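Colleague: I have a model open and would like to go through it with you. Could you take my questions one at a time?

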Amino acid sequence: MKQALALSAVAVIALVAASAPVLAQAPAAKPAPAAAKKAAKPVAAPVEEKDAATLEFEKFRAKMIEEGNPAELFEAQGEEMWKSSRGPKKVSLATSCDLGLGVGVVKGAYVQMPRYFADAGKVMDAERRIVWCMVEKQGFKEADLHAKPFGSGTYTPDQTSLVTYVAANSKDMKFAVPLKDPHVKDVYEIGKETVAYRAGPYDFSCNTCHGADGKRIRMQQLPNISTQKGAATAVLGWPGYRMTGNVMLTSQWRMNDCFRQQRFPEPKYASDTVTALLTYMTANANGTTYTGPGIKR
Amino acid sequence: MNNTARISLLAAAAIIAAPAFADGDHRAKALQMMKQDFVTKGQARADRVSEDGLQTICNRTGNKPPEAIGKRLETDQMAGVKYPADGKLMGDWKEGEKIAQSGRGFTWSDEPGLPVGGNCYNCHQIAPKETSYGTVGPSLFHFGKLRGNTADMQKYAYSKIYNAKAYNLCSEMPRFGHIGALKEDQIKHLVALLLDPESPVNK
Amino acid sequence: MGSPMKVRAQMKGDFADIKILMSHPMETGQRKDPKTNQPFPALFIQQFSVEVGGKVVVQAETGTAISTNPVFGFKVKGAKAGDKVVVKWQDNKGDSRTDEATIA
Amino acid sequence: MDTLRRTVLKGASASGVLATALAAGLLKPTQVLASEWNKAAFEAKDTPAAMKAVGAATTAESKDLKLTAPDIAENGAVVPIDISSGIPNTISIAVFVDKNPSPLTAAFNFANGAMADASLRIKMGQTSIVRAVAKTADGKFYTASKEVKVTAGGCGG
């Protein structure tokens, strides 16, 4: 018994070393083949073509976004907040907050985040950066902003409206997360490891559902976030007005709720983990066009 | 030595080997980051973010452990399958259908202590009446019609639901019996849903 | 006072295309608070009007089955760019709101 | 606001006058928010009763009344509906959802150049017939309908 164990352990070490390059050097543009697919497993026929219901949903969603998305109400509130002097320091974000393109510049900022901010020493996604500005520039307490960070019922956090405003100002622009920045690249690679990480009672990783093409949970299409097309599907429409509950929700919320369904513990709001996932997904969508705040089921 | 302990030791060995990774750096950073960033909510305790031995091996090998190791560990998983004392593996397919429909259990918003669901339709086509089914796993329609319901087949279905990793170490399917999610009776009902000739799955 | 509306109006050929987004809970009176098991009291817009160039063009009455944060669209002939569009609503509790836009 | 409120209250106390005024259309189109909210029609529990309450006891199907709605709604809480009447002299349009607890959903009066065209979003508790009713200046009623399926469930999207 002891001997067998020792042998196994040696074998594992050997295999880990041997398989390392396969894992590590898969180019960013390609899906991580090892994590995504396994030849040994019987695989259901992929559902590539969308069913009639999905097409009908998409048609009417597009129509609703064009004719009037309630997200615009939150965008308008966010604009008001962005331009008003607020917080203990009575400063506006428009005159103090740099989203990466200069103080106060919102046009195109959303599609170029997450990015590295030297003043914070961190890579940050849009919402995290806005919260950082609210704390550092306007003097809001971080704990207050973190206490109830997601919309529910008739409550909408200020940062949600602000993100909606900032996001709306990148409508019809292409995602361009600055992957050339080594800080961003580093966080991207960490994100890539994170999506493949299996844990929890059900052994799920992000890739369990989002690592292969043409999969569904019940009727819900699951985008493959390792591909450009899939990653775009995943990040488009956020922040989004959710018809269920009539709330405005952000990418931070989307990541949080994915982890809930993954049976993981809760990721801290505006944490490195959430930024890493958003960096991985948004950068994979680089080159595709952001369609602005969306409507979600 | 029990199976869990054995796997943990293997895992420990794998962790020691981690720096040999070309990208061990990012992996290590990811692990460190997740350890800091996850907090307990409801029944989802923070320590869920730690890998167990089997997860470690699948994570380290991109879900492709070398055959020798995979087979060995699958055998370990199989050895942990507990069959009903009375030897009966088939319950009531109607109950099985209800369990297959339910996606409840183990999230931080689920009330702890309540019976959990099988989550089966989330990933599998099963009975034809339910058209809202997932495709992460293979279709199970006509499962018993194609395979029969011999004692061996019942044992296969029971053990597969109990611990899918006994057949494929890095299967995406949860280890429903092994982790105590589904109770013995629930698994028997699901076996019936798949194998009972009267089940709509086999009509 | 209600929250601001968003009113957009633009000429499309010979008519003005008017889109109105209202910020309102449109509570039906039937939805229960899961915590108390008591229904949330009904709170919904009952009437609204649209004026173009000082004349009422649409007058509407609405019930509880209009979606939360209502969105309406209308088309008005005889309008021109620069005309003022005024939208007013009033709910069952007497709250009201008036916002305006200019036809582009 | 005060003026508005007074006007409405005044309208409520003068329902007899209002009933006469309603003859011009489903609702009184002349004054801003001056009409009384048609409580009887909006609280009617079935479509025939609600239609009667707006005066539309008899209706004729019309191909010139177009009702656009999804075959299957992604979310019953927000179902987009378009109604457009090509019937000459259409002055009012009302929307009913047969299976809702109170079928009458909205009624629009058009005047001063407004086309008989409206888009709106409605709540549907379950799969149901959605019905548009148009009224012309000469007091005739026309109808068009469509079934909209409402699905349940789904995750975050």
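Modeller: What follows covers confidence, cysteines, sheets and one chain in outline. This is a predicted model, in which local features need pLDDT of at least 70, side-chain atom pairs count only at pLDDT 80 or more, and totals for chains, interfaces and linings use all residues. Residues are numbered from 1 along each chain as its sequence is written, chains are lettered from A and ligands numbered from 1 in the order in which they are written, and side-chain values use heavy atoms, with hydrogens and water left out.

Colleague: What are the ipTM and pTM scores?

Modeller: The ipTM is 0.84 and the pTM is 0.85.

Colleague: And what is the average pLDDT of chain D?

Modeller: Chain D has an average of 80, and 74% of its residues score at least 70. The pLDDT is the predictor's confidence in each residue, from 0 to 100. Over residues 1–32 of chain D the pLDDT is below 50, and the model gives this stretch 53 contacts beyond near neighbours in sequence. A contact here means heavy atoms within 4.5 Å. Residues 153–157 of chain D also stay under 50, with 16 contacts beyond four places in sequence.

Colleague: Turning to cysteines, how many disulfides are there over all chains?

Modeller: The count is two over all chains, where a disulfide is a pair of cysteine sulfur atoms within 2.5 Å. One of them is formed by C97(A) and C133(A), with the sulfur atoms 2.0 Å apart. C97(A) lies in the loop between helix 4 (71–83) and strand 1 (115–117) of chain A, and C133(A) lies in helix 5 (residues 126–136) of chain A; the pair links distant parts of the chain, 36 residues apart. Helices (H or I, at least four residues) and strands (E, at least two) are DSSP runs, numbered from the N terminus.

Colleague: Are C97(A) and C133(A) buried or exposed?

Modeller: Both C97(A) and C133(A) are buried. Buried means under 20% relative accessible area, exposed over 50%, and partly exposed in between, with a 1.4 Å probe and protein chains only. Their link is right-handed, with 75 degrees about the S-S bond.

Colleague: Which cysteines does the disulfide in chain B join?

Modeller: That disulfide joins C58(B) to C170(B), with an S to S distance of 1.9 Å. C58(B) is in helix 3 (residues 53–60) of chain B and C170(B) is in the loop between helix 8 (151–162) and helix 9 (184–195) of chain B, so the link ties together parts 112 residues apart in sequence. The bond is left-handed, with -90 degrees about S-S. C58(B) is buried at a relative accessible area of 2%, and C170(B) is buried at 1%.

Colleague: Why is C258(A) not bonded to C206(A)?

Modeller: The sulfur of C258(A) is 6.8 Å from that of C206(A), its closest cysteine sulfur, which is too far for a bond. C258(A) is partly exposed, with a relative accessible area of 27%. For C123(B), the closest cysteine sulfur is in C209(A), 6.1 Å away and likewise too far for a bond.

Colleague: On to sheets. In what order do the three strands of the open sheet in chain A run?

Modeller: The order is 6-5-8, with mixed pairing; two strands pair if DSSP finds at least two bridges between them. Strand 6 (247–249) and strand 8 (293–296) of chain A are at the edges with a single partner strand each, so one side of each has no neighbour in the sheet. Strand 5 (residues 237–242) of chain A runs parallel to strand 8 of chain A, joined by four bridges. Within that chain, Y241(A) stands opposite I295(A) of strand 8.

Colleague: What about strand 5 of chain D: how many of its residues are buried?

Modeller: Eight of the eight residues of strand 5 (residues 90–97) of chain D are buried, so this strand is largely enclosed by the rest of the structure. Strand 5 of chain D is antiparallel to strand 8 (residues 128–136) of chain D, through seven bridges, with T90(D) partnered by T136(D). Strand 5 of chain D also pairs with strand 6 (residues 104–110) of chain D, antiparallel over five bridges. A hairpin of six residues joins strand 5 to strand 6 in chain D, and F96(D) stands opposite L104(D).

Colleague: Finally, how many helices and strands are in chain C?

Modeller: Chain C has zero helices and seven strands. Its C-alpha trace spans about 50 × 20 × 20 Å along the principal axes, and buried residues make up 56% of the 104 residues in chain C.
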